[in-house]
Amino acid sequence: MTAVAARYFDGRSSRLRHVTLSVEAGHAVLHGDVERRAPLHALRVSERSHGAARKVTFADGAYLEVDDHAAFARLLQETGHRDSLVVRLQQSWRAVLAAAAATVALLWLGYLYLLPTLAAGIAAALPAGVERQLGAGVLALMDQRLLAPSTLSPQRQATLTGRFRSLQPPRGGAPGWRLLFRSSRIGPNAFALPSGDIVLTDQMVQLLNNDTAVLAVLAHELGHLHEHHSMRRLIQGSVVTAVSGLVFGDMSALMATAPALLLDMKYSRDAEQDADDYAVAMMLHNGLGVQPLVDVFSRLQQLEQQQGGDMGYLSSHPPSSERLARLRAAAAR
């Protein structure tokens, strides 16, 4: 029977004793500075590790450290000891690679399909006070960094607000909203915050120079509010940040998630299509037609091409030929 050199510690002091470990009749037997016997079933054997000594722990807390992995493996084999399935898989690079690939695939599928569904449910169930508080905080931050007071006259603001308020939503359950006017440092823009605030910039009003087109923009933003798109996007981003923190051990980024996401909001393709469909339905429901919405995105796309780079509204509401084609098809019906 194989005998293996080991270091013995009694678990109560740091005193080191040198022993040899062997197995006799179902018992671990120590010889040397300590003489001891213990049944094998009462011992705990540590997992294999390339850089650390193997550890054998007794029921009373005493333990052995074994540096000779090969000799210890032969001793374990002679006793019939077999590592658990988990340990065996951990020692196989193929199994580790397969597990990593499966984990990545599962996380990716969850991100694509499960997370959006959960985010939609959570966003719909959140108390209105949470959304108001979050929206107010983000608006205050944007007022400090990106926005300035509107230069439109109170009468002009009241006219646009009144015209939009006179429109009927295309379906029931329309969210409450408040139209706010600002001057923008990042060009023509309009966006909806979780609080129900729709921010419209002077530059957008001046660019379109058409109240019906402005109403089309506001109808699009109301569609984002109706579907809780910004809150859903925030929840999804927060979940991803939290999971990353758990994986990498750093939760500090979670605190900055809300402002970062809402200040750099880029809606998904599906969210933009939902908001477009809502705006189309609202414009048709009020007898205004779809062409004003087509004109809005065509004008903004032309402006971006002229400026040769990202431009306010389109940086967060990406246009595409397919999107404009859908709107033109709706206008032609």
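Contact here means heavy atoms within 4.5 Å. The model is predicted: local features need pLDDT of at least 70, side-chain atom pairs count only at pLDDT 80 or more, and totals for chains, interfaces and linings use all residues. Residues are numbered from 1 along each chain as its sequence is written, and side-chain values use heavy atoms, with hydrogens and water left out.

Helices (H or I, at least four residues) and strands (E, at least two) are DSSP runs, numbered from the N terminus. Two strands count as paired if DSSP finds at least two bridges between them. By these criteria, 7 strands form an open sheet with antiparallel pairing. Their order is β4-β3-β2-β1-β7-β6-β5. The edges are held by β4 (36-39) and β5 (44-45). Each has a single partner strand, so one side of each is left without a neighbour in the sheet.

At the β4 edge, the partner is strand β3 (residues 27-32), joined to β4 in the antiparallel sense over 4 bridges. Within this pair, H27 lies opposite P39 of β4. At the other edge, β5 runs antiparallel to strand β6 (residues 54-57), and 2 bridges join them. Here V45 is placed opposite V56 in β6. Strand β6 also pairs with strand β7 (residues 63-66), again antiparallel, over 4 bridges. R54 has V66 of β7 as its bridge partner. The hairpin of β6 and β7 has 5 residues between the strands. In this hairpin, G61 adopts a positive phi near 100°.

T57 belongs to strand β6. Residues are classed as buried under 20% relative accessible area, exposed over 50%, and partly exposed in between (1.4 Å probe, protein chains only). T57 is buried, because its relative accessible area is 11%. Residues up to four places away in sequence aside, T57 touches A42, L43, R44, A62 and Y63.

A further set of strands centres on β9 in this account. Strand β9 (residues 178-184) is mostly covered, with 6 of its 7 residues buried. Strand β8 (residues 147-149) runs antiparallel to β9 and is joined to it by 3 bridges. The bridge partner of A148 in β9 is S183. Strand β11 (residues 197-201), by contrast, pairs with β9 in the parallel sense, over 5 bridges. F181 is bridged to L200 in β11.

Nonpolar cores were then examined. Such a core is a set of buried Ala, Val, Leu, Ile, Met, Phe, Trp, Tyr and Cys residues joined through side-chain atoms within 4.5 Å. The largest has 39 residues, of which F164, I198, L200, L222 and V296 touch the most other members. Helix α7 (residues 211-226) gives the most to this core, with 9 residues. Apart from this core lies another of 20 residues, among them Y8, V34, A62 and V66. Beyond four places in sequence, the contacts of L200 include L160, L179, L180, F181, V214 and L218. L200 also touches R182, N189, A190 and V205.

A nonpolar patch lies on the surface. Patches are made of residues with over 30% relative accessible area and no salt bridge; like charges are joined within 9 Å, and nonpolar side chains (Val, Leu, Ile, Met, Phe, Trp, Tyr) within 5 Å. A salt bridge is a side-chain nitrogen of Lys or Arg within 4 Å of a carboxyl oxygen of Asp or Glu. L114, L118 and I122 form the patch, with about 280 Å² of accessible area together. L114 is found in helix α3 (residues 93-125). At 51% relative accessibility, L114 counts as exposed.

Notes:
Areas by Shrake-Rupley, 256 points an atom, 1.4 Å probe, with all protein chains shown as cover.
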